[in-house]
Amino acid sequence: MNEKEQLVLQTIKSNPFLSQQEMAEVLNIPRPTLANIISGLIKKGEIIGRAYVLPERNSIFAIGGANVDRKFHIDGSVQHGTSNPSTVTESVGGVARNVAENLGRFGNDVKLITLIGQDHGAKVIENESHAFINFDYVEELPDLKTGSYSAVLDRKGELILAMADMSIYDYLLPPVLIKHEAALSNAKCIIIDLNCPKETVEYLQNLASIREIPLAIVPVSAPKMKNMPKDLSGVAYFIVNRDEVESYLNIQMKNKEDYSNAVSTLLEMGAKNVILTLGEQGAMAGNKDGIHHFEAEKTQEIIDVTGAGDAFVAGFMHAVLNEESFIDAVNFGQYNASKTLQSNKTVRQDITAEELNNWRNK
């Protein structure tokens, strides 16, 4: 904002019930000039409508994938090159959608921006998600198929192979988001997954920097790292796994020193906070206050690994947004991931709005 816009906005904050004529007299500027300034502030999302309502930053925006997930659970030992007896389950998924549902179940106001087709998959996603996620910003593309993800799991629940049809997200470009720029400009937080094209990530990176909105980037897979900007300035939280970091930085990591060096490199590239998740080896996380290794949360029984990474992201972000310390937020993310590993659902169904308080008071 320029100096005049800041002055007008401060006057509205002091007394939002002033008429334009009264405000023009207080500021000693012509009323037509004031009207133009107010119109610009409305377009920028600084005020809402003619009543000069000041927007509140209460909503989390999750942007990216919303898919139909199909899981093939092999009954016995995996046999390559032949048919394997298995059972099939269908559920809803997508990194952004999974994170959004976790956060919604935690009691947050979450809005999803994604693209879906006009098909059975789209109906399944909305029916399964609407209780926890606001779908007002979801856009339908009737000529394209809703995203889908198919995973083959062994009898221990470990992933053997995954196949994804995410071509619809090639159309999740900046013009889709620009239509909602006023709302995005007043987000409490923005979380984007790398199903989105690189130009969309960069658009949000710039918006978040200008508006001072916490931006979290969550990669989907190593191949999707092509959508990651090289400059990480404006990225408040970069939450990434080992394969994705190796692909992004073109390195190989073998030990804790390598993990720590990778986190340090990502911080030097501009990210404010970096969390490198390492599965059974826990996590390496850092910011300007230092880099720390976190042991993995002990899990009695792993039923299904699907969704555990998204659960970590949601648990971490929920804790951060509730003003927990960085270290406690990482620990709560690990807790939520561990609980999800013990569930046969991509998003566990027993999350409550009191979960963080209960965890804190253990």
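Which residues does Gln205 touch, not counting residues up to four places away in sequence? In this predicted model, the contacts of Gln205 are Leu215, Pro229, Asp231, Leu232, Ser233 and Val235. Gln205 sits in helix α8, which spans residues 198-211. The relative accessible area of Gln205 is 8%. Buried means under 20%, so Gln205 counts as buried.

The overall layout comes next. The protein chain is divided into domain 1, residues 3-44, and domain 2. Domain 2 is made of several segments, 60-67, 93-146 and 167-361. The C-alpha centres of domain 1 and domain 2 are 39 Å apart. An unreviewed UniProt entry carries the annotation "domain: Carbohydrate kinase PfkB" for residues 59-346. Over residues 59-346, helix accounts for 33% of the chain and strand for 25%. The end C-alpha atoms of residues 59-346 lie 23 Å apart.

One open sheet has 8 strands. Their order is β4-β1-β9-β10-β11-β12-β13-β14, and the pairing is mixed. The edges are formed by β4 (109-113) and β14 (290-294), each of which pairs on one side only. From one strand to the next, the twist averages 15°.

Strand β1, residues 59-63, pairs with two strands of this sheet. To β4 it is joined by 5 bridges, and the two strands run parallel. Ser59 stands opposite Asp109 in β4. Ile60 faces Val110 in the same pairing with β4. With β9, strand β1 pairs in the parallel sense over 4 bridges. Here Ile60 stands opposite Cys189 in β9. In general, strands of a sheet pair through backbone hydrogen bonds, either parallel or antiparallel.

How many residues of β1 are buried? The count is 5 of the 5, so β1 is largely enclosed by the rest of the structure. Ser59, Phe61 and Ile63 point one way from β1, while Ile60 and Ala62 point the other way. All of these residues are buried. The edge strand β4 has 4 of its 5 residues buried, so β4 too is largely enclosed by the rest of the structure.

Further along the sheet, β9 (residues 189-193) pairs with β10 (residues 215-218). This pairing is parallel and has 4 bridges. The bridge partner of Ile190 in β10 is Leu215. Leu215 is also one of the residues that Gln205 touches. Helix α10, residues 256-268, lies across β11 (237-241), β12 (273-277), β13 (283-287) and β14. Helix α10 runs at about 35° to β13.

A sheet of 4 strands is also present, and this sheet is open. The order is β3-β2-β7-β8, with mixed pairing. Its edge strands are β3 (86-93) and β8 (159-165), and each pairs on one side only. Neighbouring strands of this sheet are turned by 15° against each other on average, direction ignored. Strand β7, residues 148-153, is joined to β8 by 6 bridges. These two strands run antiparallel. Within this pairing, Ser148 has Asp165 of β8 as its bridge partner. Helix α5 (residues 120-129) lies across β2 (67-74) and β3. The angle between helix α5 and β3 is about 70°.

The nonpolar residues complete the picture. In soluble globular proteins, nonpolar side chains tend to be buried together. The largest nonpolar core in this model has 94 residues. Ile63, Phe238 and Phe316 have the most contacts inside this core. Helix α11, residues 308-321, gives the core its largest share, 8 residues. A second, separate core has 12 residues, including Ile12, Met23, Leu34 and Leu41.

Which residues does Ile63 touch, not counting residues up to four places away in sequence? The contacts of Ile63 are Ala96, Ile113, Leu172, Leu177, Leu184, Ile190, Ile191, Ile192, Asp193, Cys196 and Leu204. Among them, Ile190 is the residue whose bridge partner in β10 is Leu215. Ile63 itself is a buried residue of β1 and points the way of Ser59 and Phe61.

Key
Residues numbered from 1 in each chain as written. Predicted model: local features only at pLDDT ≥ 70, side-chain atom pairs only at ≥ 80, totals over all residues. Heavy atoms only, no water. Core = buried A, V, L, I, M, F, W, Y, C linked by side-chain atoms within 4.5 Å. Buried < 20%, exposed > 50% of the residue type's maximum accessible area, 1.4 Å probe, protein only. Contact = heavy atoms within 4.5 Å. Pairing = 2+ DSSP bridges. Axes fitted to C-alpha atoms, helices over the stretch in contact; angles between N-to-C directions. UniProt positions renumbered as here; feature names shortened; annotations may be inferred. Domains from an automatic or database assignment.
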